[in-house]
Amino acid sequence: MVIDLLKSHASVRSYTNERLSTETVRELVTAGQHAASSHFVQAYSVIHVTDASVREKLGEYSKNPHQFNGAGAALVFCADFHRLQVAAALHNRSIDYSHAEAMLVGTIDVALFAQNVAIAAESKGYGICYIGGVRNSPAEISELLKLPDGVVPMFGMTIGVPAKSNEVKPRLPVDAVLHENMYDASNYEEILREYDATMETYYETRSSNRKHTGWTEQMADFLQSPQRPYMKEFLRDRGFNFD
């Protein structure tokens, strides 16, 4: 069942040396294209990195060399308004994608597209891992991949035959994320304490990288200061001015 497949997801960070063929990547990307798209703008592109030297640089810039160099396929997903500029130019018109809503449309479109690719890959027995580290060096990666203005690298994805399967990480209880009619935070403290206990058990008993911590402490550590503060300036440089 599709639901069982979705619930079995775990990030895969180590792969065998089996490469995905171009035909397989095209099949997965085609499946990805059938995701929903706001107003059908399809504001996304994906770069399939096959050149070994480019992969090496991508791994270096993203601080994920093991992932990118060892995967069966290395992809970089981008929000893309350049193609839409070309579409408008066919009618002697131009578009304005500088505003915040356009950035949201591109971000949501590329995320839905990528998740379809991920599910398609896992349905064929491959493992995947999203690489947010692409945003560690967005300007350098944009130059490496020759991305024009209006195109922003959002995240990478590695795909391949798993060399090792990870345990499925417990998600928040559904009562923490599902609200009826109105937002209700009244039980958050109780739910989060119980979830911390679940996560502590998971981290202490999983097969590798064991540690003693709960989810709330990790989130407090992670979110206590801004992440990648240079992204605002980078987005402005790419034409997303939010004016």
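The protein chain of this predicted model has 11 helices and 4 strands. Its radius of gyration is 20 Å, close to the 18 Å that the globule rule gives for 243 residues, so the chain is as compact as a globular protein of that length. Taken along the principal axes, the box filled by the C-alpha atoms is roughly 60 × 45 × 35 Å. Among contacts in the chain with a separation of 6 or more, 80% come from residues 24 or more positions apart. Of the 243 residues, 37% count as buried, while the accessible surface comes to about 14,300 Å², with 53% of that area belonging to carbon and sulfur atoms.

The interior can be followed from the largest nonpolar core, a set of 32 residues in which Phe 77, Val 117, Met 157 and Ile 159 touch the most other members. The elements that give two or more residues to this core are helices H2, H6 and H11 (231-237), together with strands S2 (73-80) and S4 (151-160). Of these, H6 gives the most, with 9 residues. Val 117 shows in detail how such packing is made up: leaving aside neighbours within four places in sequence, Val 117 is in contact with Leu 28, Val 29, Gly 32, Leu 75, Phe 77, Met 157 and Ile 159. Apart from this assembly there is a second, separate core of 16 residues, which includes Val 12, Phe 68, Ile 131 and Leu 145.

Helix H6 also has a part in the surface, since Ile 108 lies in this helix, and Ile 108 joins Leu 104 and Leu 112 in making a nonpolar surface patch of about 270 Å².

The charged side chains can be taken next, for the structure holds 4 salt bridges. In one of them, Lys 124 pairs with Glu 27, and the closest N and O atoms are 3.3 Å apart. This pair links distant parts of the chain, for its members are 97 residues apart: Lys 124 is in the loop between helix H6 (100-123) and strand S3 (127-131), whereas Glu 27 is in helix H2 (residues 22-32). How exposed are the two partners, Lys 124 and Glu 27? Lys 124 has a relative accessibility of 41% and therefore counts as partly exposed, and Glu 27, at 44%, likewise falls in the partly exposed class.

A second example is the bridge in which the side chains of Asp 80 and Arg 83 meet, with an N to O distance of 3.3 Å. Here the two partners belong to separate accessibility classes: Asp 80 counts as buried because its relative accessibility is 5%, where the cut-off for buried is under 20%, while Arg 83 is partly exposed, with a relative accessible area of 39%.

A further salt bridge joins Glu 189 to Arg 193, the closest N and O atoms being 3.7 Å apart. Both residues lie in helix H9 (residues 188-205), where their spacing of 4 residues corresponds to about one turn of the helix. Glu 189 has a relative accessible area of 55% and so is exposed, and Arg 193, at 58% relative accessibility, counts as exposed too.

How values were computed
Residues numbered from 1 in each chain as written. Predicted model: local features only at pLDDT ≥ 70, side-chain atom pairs only at ≥ 80, totals over all residues. Heavy atoms only, no water. Buried < 20%, exposed > 50% of the residue type's maximum accessible area, 1.4 Å probe, protein only. Core = buried A, V, L, I, M, F, W, Y, C linked by side-chain atoms within 4.5 Å. Contact = heavy atoms within 4.5 Å. Patch = residues over 30% accessible without salt bridge, like charges linked within 9 Å, V, L, I, M, F, W, Y side chains within 5 Å. Areas by Shrake-Rupley, 256 points an atom, 1.4 Å probe, with all protein chains shown as cover. Rg over C-alpha atoms; globule rule 2.2 N^0.38 Å.
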